[in-house]
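This report walks through selected features of one protein model, for a reader who has the sequence and the coordinates at hand. It takes up helix packing, then pockets, then backbone geometry.

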Amino acid sequence: MVSLALYNAYNRIPLTFVSGKGSWLTTDKNEKYLDFGSGIAVNAFGYAHPHLVEALKKQAEGIWHLSNLYDIAEQNAFADRLIAATFADRAFFVNSGAEAMECAIKTARRYHWLKGDTKRNRIITFEGAFHGRTLATIAAGGKDKYLEGFGPHIDGFDQVPFADHDALKAAVNEKTAAILIEPIQGEGGIRPVPYECLRGMRDLCDEHGILLIFDEVQCGVGRTGHFFVSDAAGVTPDLMAVAKGIGGGFPVGVCLATEEASTGITPGIHGTTYGGNPLAMAVGAAVLDLVLGDGFLDEVKHKGLIFKQKLAKLVDENADILEECRGEGLLLGLKTKGPNMAFIQAARDEKLLTVPAGTYIMRILPPLTVLEDEIDFALSTLEKACQKVRDES
Ligand SMILES: *Cc1c(COP(=O)(O)O)cnc(C)c1O
């Protein structure tokens with residue numbers, strides 16, 4: 001039973017998990033569930049991965065927290081490795097995706113401000129986007145449901161339709177500081193932005209001297225079989241928000257920036273108490289060991305392809321229940337004909353956990369370490385879920 005001492009902010013599923021190993025969770029009633037939600041793309045290495053447990057334990061014996069008043073060895077080391085593996089020259093560590101986004105937004109505004117371009121403070125965003133739940137990030141996301149009752153709303157975001165280059169072009173003006181986009185919308189329903197659109201955005205930004213911000217909080221860190229979608233698209237953003245998978249379950253976020261884009265943030269201008277503490281940094285570094293390990297991303301690509309082919313076949317064979325399979329790597333979505341909840345619950349009744357997005361999408365986000373026979377178990381479960389939804393309608 002959910003305690004009444006908690007905010008009534010969630011409609012929680014009445015399952016209590018007491019342990020986890022790999023892709024599996026076990027309830028207090030000793031029932032096993034295959035977790036293809038991964039704490040919403042956070043548990044990229046499933047539960048109790050030995051390398052992550054070891055890294056956490058080792059650091060737990062040392063220093064947990066130091067203020068950013070001091071030089072933090074673990075933070076330097078993790079930043080150096082991130083910079084070596086990405087487009088970025090600079091990193092600012094935080095504890096969540098929304099904070100990484102806040103840092104990106106502040107960095108972009110301040111960049112133009114410091115150059116004397118004080119009117120350039122608006123950011124173009126896209127319909128269906130999700131950037132977090134802080135006041136600025138709900139304004140950036142622009143979704144009415146998340147904004148309602150939270151006014152006055154933060155100004156400075158101009159939303160355009162998804163993947164509409166003409167609308168985007170028309171929206172850029174002398175007040176535009178940046179374009180902000182999730183290369184694959186997660187909460188918005190696993191909607192990939194075509195690579196040529198991302199390239200078009202880069203060109204548009206260069207043409208107008210504005211910054212390109214990627215929100216790879218959900219699609220980054222190996223989720224698609226690429227370290228970041230920006231790598232696969234061959235598009236270099238100026239700023240990028242990263243979180244979820246980068247901590248493998250420990251709260252870690254980071255805003256990555258080019259040298260140029262980061263120039264506005266000078267000592268005392270932005271800060272965080274917890275961000276970049278040694279415990280988080282030790283786990284993040286261990287995540288990098290795994291994601292960037294030999295052949296790991298190729299393996300994710302391979303499993304993603306196999307999974308997607310099998311899901312496409314499932315959609316073909318159950319066209320009365322399912323409409324489409326989409327996504328990239330292990331960031332997959334099934335579009336249902338009827339509301340997604342009946343299908344998601346039917347799968348859960350068969351011991352498969354997934355995550356909804358909107359009204360018609362089942363998000364399928366297995367741990368990146370998922371085994372092929374677990375993928376097959378999921379498929380047979382989804383097959384049963386189709387039958388169950390069919391029987392009940
Ligand atoms: C989850 C998510 C966020 C917010 O992350 P939090 O850690 O919940 O603050 C931001 N952007 C995207 C794309 C996300 O999926």
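The crossing of helix 11 and helix 13 is right-handed. In this predicted model, helix 11 covers residues 296-317 and helix 13 covers residues 372-392, and their axes come within 11 Å while crossing at roughly 15 degrees. Because angles under 35 degrees count as roughly parallel, helix 11 and helix 13 are taken as roughly parallel to each other.

Two further helix pairs share helix 10, which spans residues 278-291. Helix 3 packs against helix 10 at an angle of about 30 degrees, with the two axes 8 Å apart, and this angle makes helix 3 roughly parallel to helix 10. The crossing of helix 3 and helix 10 is left-handed. Helix 2, made of residues 50-60, has an axis that comes within 9 Å of that of helix 10, and the two cross at roughly 155 degrees. Since angles over 145 degrees count as roughly antiparallel, helix 2 and helix 10 are described as roughly antiparallel to each other, and their crossing is right-handed. The table sets out the three pairs.

| Helix pair | Angle | Axis distance | Handedness |
|---|---|---|---|
| Helix 11 and helix 13 | roughly 15 degrees | within 11 Å | right-handed |
| Helix 3 and helix 10 | about 30 degrees | 8 Å | left-handed |
| Helix 2 and helix 10 | roughly 155 degrees | within 9 Å | right-handed |

Turning to the pockets, the largest one has a volume of about 1,800 Å³. Its lining is formed by 46 residues, and those that lie nearest the centre of this pocket are Tyr 10, Ile 40, Val 355, Pro 356 and Arg 363. The elements that contribute two or more residues to this lining are helix 1 (38-41), helix 4 (97-114), helix 6 (144-147), helix 12 (340-349), strand 15 (352-353) and strand 16 (355-357). Helix 12 supplies the largest share, with 5 residues. In terms of chemical character, the lining of the largest pocket divides into 20 nonpolar, 15 polar and 11 charged residues. Both domain 1 (17-49 + 294-392) and domain 2 (63-291) take part, each giving at least three residues to the lining of the largest pocket.

The second largest pocket has a volume of about 780 Å³. It is lined by 28 residues, of which Gln 75, Arg 90, Ala 91, Phe 92 and Ile 265 lie nearest its centre. Two or more residues of this lining come from each of helix 3 (73-85), strand 4 (90-94), helix 4 and strand 12 (253-257). Helix 3, already met as a packing partner of helix 10, gives the largest share of the lining of the second largest pocket, namely 5 residues. The lining residues of the second largest pocket divide into 13 nonpolar, 11 polar and 4 charged.

Finally, two points of the backbone deserve a look against the general background that most residues other than glycine have a negative phi, and that most peptide bonds are trans. Gly 151 and Pro 152 are joined by a cis peptide bond, with omega about 0 degrees, and Pro 152 lies in the loop between helix 6 and strand 6 (157-160). Ile 190, although not a glycine, has a positive phi of about 50 degrees; this residue is placed in the loop between strand 8 (184-185) and strand 9 (191-192).

Note on methods: Residues numbered from 1 in each chain as written. Predicted model: local features only at pLDDT ≥ 70, side-chain atom pairs only at ≥ 80, totals over all residues. Heavy atoms only, no water. 1 Å grid on protein atoms, 1.4 Å probe; cavity = no way out; pocket = protein on both sides within 12 Å on 5 of 7 lines; lining within 4 Å. Points joined across faces, edges and corners; volume = space filled by probe spheres on them. Helix = DSSP H or I, 4+ residues; strand = E, 2+ residues; numbered from the N terminus. Nonpolar A, V, L, I, M, F, W, Y, C, P; charged D, E, K, R; others polar. Domains from an automatic or database assignment. Axes fitted to C-alpha atoms, helices over the stretch in contact; angles between N-to-C directions. Parallel < 35°, antiparallel > 145°, perpendicular 65-115°, else oblique. Left-handed = near helix turned anticlockwise from the far one by under 90°.
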